[in-house]
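Hello,

Here is the structure for your files. My notes follow below it.

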Amino acid sequence: MNAMEDTSGRKDRRIPLVETGGLEVTYGTGREKVRAVRGVDLAIAPGEALGLVGESGCGKSSLGRALLRLEDPSSGEVLFEGSPVTGLRGAALKAFRRRAQIIFQDPFGSLNPRLKVGRAIEEVLHIHGLGADNPARRRRVRELLDDVGLEPAFADRYPHEFSGGQRQRICIARALALDPVFLVADEPVSALDVSVQANILDLLRRIRAERDIAMLFISHDLAVVRAVCERIAVMKDGEIVETGTADQVCDRPRHAYTKKLLSAVPDLAGIGEGA
Ligand SMILES: Nc1ncnc2c1ncn2[C@@H]1O[C@H](COP(=O)(O)OP(=O)(O)OP(=O)(O)O)[C@@H](O)[C@H]1O
C-alpha cells in the first residue's frame, strides 16, 4: 500500500506529494546571472491541482521543470513523496520519471513527426519495461487514445495528420501512459485555438478527477487556471506573491500584482466551465 493511501485506498491529502523549500533556480554566472526562481516554498497535495500564474518570464517553467528534476536547483530542495529528488539516481530516478510527467505548450514540437502516434506512446511503455509483449502494448495504446477522446485507430497515423487540439490529446495520452501521480502542464492550451481550449481544459479536469492525479498547471491566464485548479499561486519576478483557493485569489485578491493580472482577464467567469 502506498504510504499516502489509507485502507480505503483514498489518498491522504494532508501529506504533500510535492514540496519545495527555499527553492532557487539560477541560470548563468557572474553578471549574466538570472535568478529565475527565488526562494519558493510550496506544497501540492496528492490529487490536488495547483495553478501557477504570472507574466511571461516570471519563472513559471523554471519552477515546473525543477519540480520534475529537469532543472537542478541552485539552492533549496524539492521533495517528492517526502524524499529529495536531487539525490535520485539510477532505478530510483527512473521510477520517479514514471510517476511525474509533463505536458508542454507546443503539442507538435513535442511529437516526433516521423513516428506514428501509436509508436510514440508505445515507446514510452517500452522504455519503462511495461507491456512486455507487443499486443499488450498496442492494446494499452488504444485504451489511452480512447481515454483522451481519440479514435483508437488513430494510432496508425502521423502527427501532421492531426489538428492542434488532437495533438495535445496525444501528448496527454503519452503522459498518462505510465500512470503518473503528478503532472506538470506547462501552458497546455496557449498554442491552441480558443475554440478548442475549453475542450482540452475539460479533458484535463476529467482525467484528474478520474485518476486522482496531482497537477501543477502553469499559465499566464488566470481564467484558464481557474477552470482547472482548486488552488492558485501567483508568481512575480521568481517569487510567489500570493497563494489561495481559486475563488479567493480570483474574487478577493490580496496582492496588487494579482489585481493587475485579473484586470487583464475580460470575462473570468464561465471560461472552460461545462465545455
Ligand atoms: N535555459 C535558460 N538559460 C538562461 N536563462 C533562462 C533559461 N530558461 C529561462 N531563462 C530565463 O529565466 C527567466 C524565467 O524564465 P521561465 O521560462 O521560467 O519563465 P516563464 O514564466 O515560464 O515564462 P514563459 O511563459 O515566457 O515561458 C527568464 O528571464 C528567462 O529568460
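Which of the 13 residues around the ligand come nearest? They are Tyr27, Ala36, Ser56, Ser61 and Ser62. Please bear in mind that this is a predicted model.

On the ligand shell: strand E2 (34-44) and helix H1 (60-67) each supply at least two of its residues. H1 gives the most, with three residues. By character, the shell around the ligand divides into eight polar residues, four nonpolar and one charged.

On the sheet: six strands form an open sheet with mixed pairing, in the order E6-E7-E8-E3-E9-E10. Strand E6 (100-103) and strand E10 (239-245) stand at the edges; each has a single partner strand, so one side of each is left without a neighbour in the sheet. From one strand to the next, the twist averages 15 degrees. The partner of E10 is strand E9 (residues 231-236), and the two pair in the antiparallel sense over six bridges. Within this pairing, Ile232 stands opposite Gly244 in E10.

On the core: the largest nonpolar core has 76 residues. Those that touch the most other members are Leu52, Ala173, Ala214, Leu216 and Phe217. Taking Ala173 from that group, its contacts, leaving aside neighbours within four places in sequence, are with Ile121, Leu144, Leu145, Asp147 and Val148. As general background, nonpolar side chains tend to be buried together in soluble globular proteins.

Regards

Notes. Residues are numbered from 1 along each chain as its sequence is written. This is a predicted model: local features need pLDDT of at least 70, side-chain atom pairs count only at pLDDT 80 or more; totals for chains, interfaces and linings use all residues. A residue is near a molecule or strand if its C-beta atom, placed from the backbone, lies within 6 Å of it. Helices (H or I, at least four residues) and strands (E, at least two) are DSSP runs, numbered from the N terminus. Ala, Val, Leu, Ile, Met, Phe, Trp, Tyr, Cys and Pro count as nonpolar, Asp, Glu, Lys and Arg as charged, and the others, Gly among them, as polar. Two strands pair if DSSP finds at least two bridges between them. Axes are lines fitted to C-alpha atoms, for helices over the stretch in contact, and angles run from 0 to 180 degrees between N-to-C directions. A nonpolar core is a set of buried Ala, Val, Leu, Ile, Met, Phe, Trp, Tyr and Cys residues joined through C-beta atoms within 7 Å. A residue is buried if 20 or more other C-beta atoms lie within 10 Å of its own, exposed if 12 or fewer, and partly exposed in between; C-beta atoms are placed from the backbone. Two residues are in contact if their C-beta atoms, placed from the backbone, lie within 7 Å.
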